[in-house]
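Please look through this note with the model open beside it. The points below go from confidence to strands, rings and loops.

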Amino acid sequence: MIGPNALATAAHNLYSIKEKAYVKSVNVAPARSDNSKPFGSENVSASSMIVSGSYLAGTSSEDWAIITLKNNLGTKTGWLGLHWQSSNYSSSQLVYAYGYPSQINGADARYRMCKSSGYIRSQTSKYLKGDWDLTGGFSGGPLVEYISGAGYVAIGIHKDGSTIDGSSYPTSYTGALRITQSLYTLFLSYRG
């Protein structure tokens, strides 16, 4: 949640570049755990979804979207702090990823929010790559860092992963779209 009635996610959760089409609807259920929906839920149609214009044009690197809700679920859940910085993030600072993985140790886990942690291993002005352990289903969840004076804040949106990072010593990595100054400003505009 980024505001009282808005949440940020990955664009690829809502729009298919290949098919050039939005999903018909999504069900938003913050903190869902199996059948428990402690904050309720809301079905949202494509008309309430905003996807990055660059993503709609076929640039998968701008993989962000915003869902606007009819109800103010955020007043019940609260919303996550946001942070951006132009300088590099520390590679020794633990970061946390939250999401709904498709599996945990081979078992179905689609409806259980999970957390993973690791370190940022490389970064660009728009991308954070690290060794936090994720599986399919984490996409769209926040990448969070603890910042003294600000607390836990989102610094990215989980986007993708790979078993090979292209180096001569293949390693697995996961990646997040970095919250830039422009995304930070856009997300803050949804706080009212």
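1. Confidence. pLDDT is the predictor's confidence in each residue, on a scale from 0 to 100. The protein chain has a mean pLDDT of 88, and 94% of its residues reach 70 or more. Among the elements of the chain, strand β10 (residues 103-104) has the lowest mean, 70. Helix α3 has the highest, 97. Helices (H or I, at least four residues) and strands (E, at least two) are DSSP runs, numbered from the N terminus.

2. Ground rules. This is a predicted model, in which local features need pLDDT of at least 70, side-chain atom pairs count only at pLDDT 80 or more, and totals for chains, interfaces and linings use all residues. Residues are numbered from 1 along each chain as its sequence is written, and side-chain values use heavy atoms, with hydrogens and water left out.

3. A three-stranded sheet. Strands of a sheet pair through backbone hydrogen bonds, either parallel or antiparallel. Two strands count as paired if DSSP finds at least two bridges between them. Here three strands form an open sheet, in the order β1-β7-β6, with antiparallel pairing. Its edge strands are β1 (6-9) and β6 (49-51), each of which pairs on one side only. On average, neighbouring strands of the sheet are turned by 20° against each other, direction ignored. For such angles, axes are lines fitted to C-alpha atoms (for helices over the stretch in contact), and values run from 0 to 180 degrees between N-to-C directions. Three bridges link β6 to β7 (residues 65-68) in the antiparallel sense. Which residue of β7 is the bridge partner of V51? The partner is A65.

4. Strands β4 and β5. Strand β4 (residues 25-28) has V26 and V28 on its covered face, and S25 and N27 on its uncovered one. Four bridges pair β4 with β5 (residues 42-45), again in the antiparallel sense. Within β5, E42 is the bridge partner of V28.

5. The loop between β4 and β5. Most residues other than glycine have a negative phi, and most peptide bonds are trans. A31 has a positive phi, near 60°. A31 is placed in the loop between β4 and β5. D34 lies in the loop between β4 and β5 as well, with a positive phi of about 55° although it is not a glycine. Are these residues buried or exposed? A31 counts as partly exposed at 28% relative accessibility, and D34 is partly exposed at 41%. The cut-offs are under 20% relative accessible area for buried, over 50% for exposed and partly exposed in between (1.4 Å probe, protein chains only).

6. Strands β9 and β12. In a regular strand the side chains alternate between the two faces of the sheet. Strand β12 (residues 114-118) shows this alternation: C114, S116 and G118 point to one face and are buried. K115 and S117 point to the other face and are not buried. Five bridges join β12 to β9 (residues 95-99), and the two run antiparallel. Y98 stands opposite K115 of β12.

7. Aromatic rings. Rings of Phe, Tyr and Trp (its six-membered ring) pair if their centres lie within 6.5 Å; planes under 30 degrees apart are stacked, over 60 edge-to-face and the rest tilted. The structure holds five aromatic pairs. Y15 and Y22 form an edge-to-face pair, because their ring planes stand at 70°, with centres 5.0 Å apart. Y15 is buried at 9%, whereas Y22 is partly exposed at 32%. Y15, Y22 and Y55 make up one aromatic cluster.

8. A charge over a ring. The charged end of R32 sits over the ring of Y111, 4.0 Å from its centre. The test requires NZ of Lys or CZ of Arg within 6 Å of the ring centre and within 35 degrees of the ring normal.

9. L183. This residue is found in helix α3 (residues 181-188). L183 counts as buried, at 5% relative accessibility. Contact means heavy atoms within 4.5 Å. Not counting residues up to four places away in sequence, L183 touches W64, L177 and R178. L183 and G156 are 27 residues apart in sequence and 9.9 Å apart in space, C-alpha to C-alpha.

10. G140. The loop between β14 (127-130) and β15 (142-147) holds G140. G140 is buried, with a relative accessible area of 11%. Leaving aside neighbours within four places in sequence, its contacts are A8, T9, A10, N13, I157 and H158. The C-alpha atoms of G140 and H12 are separated by 8.4 Å, with the two positions 128 residues apart along the chain count.
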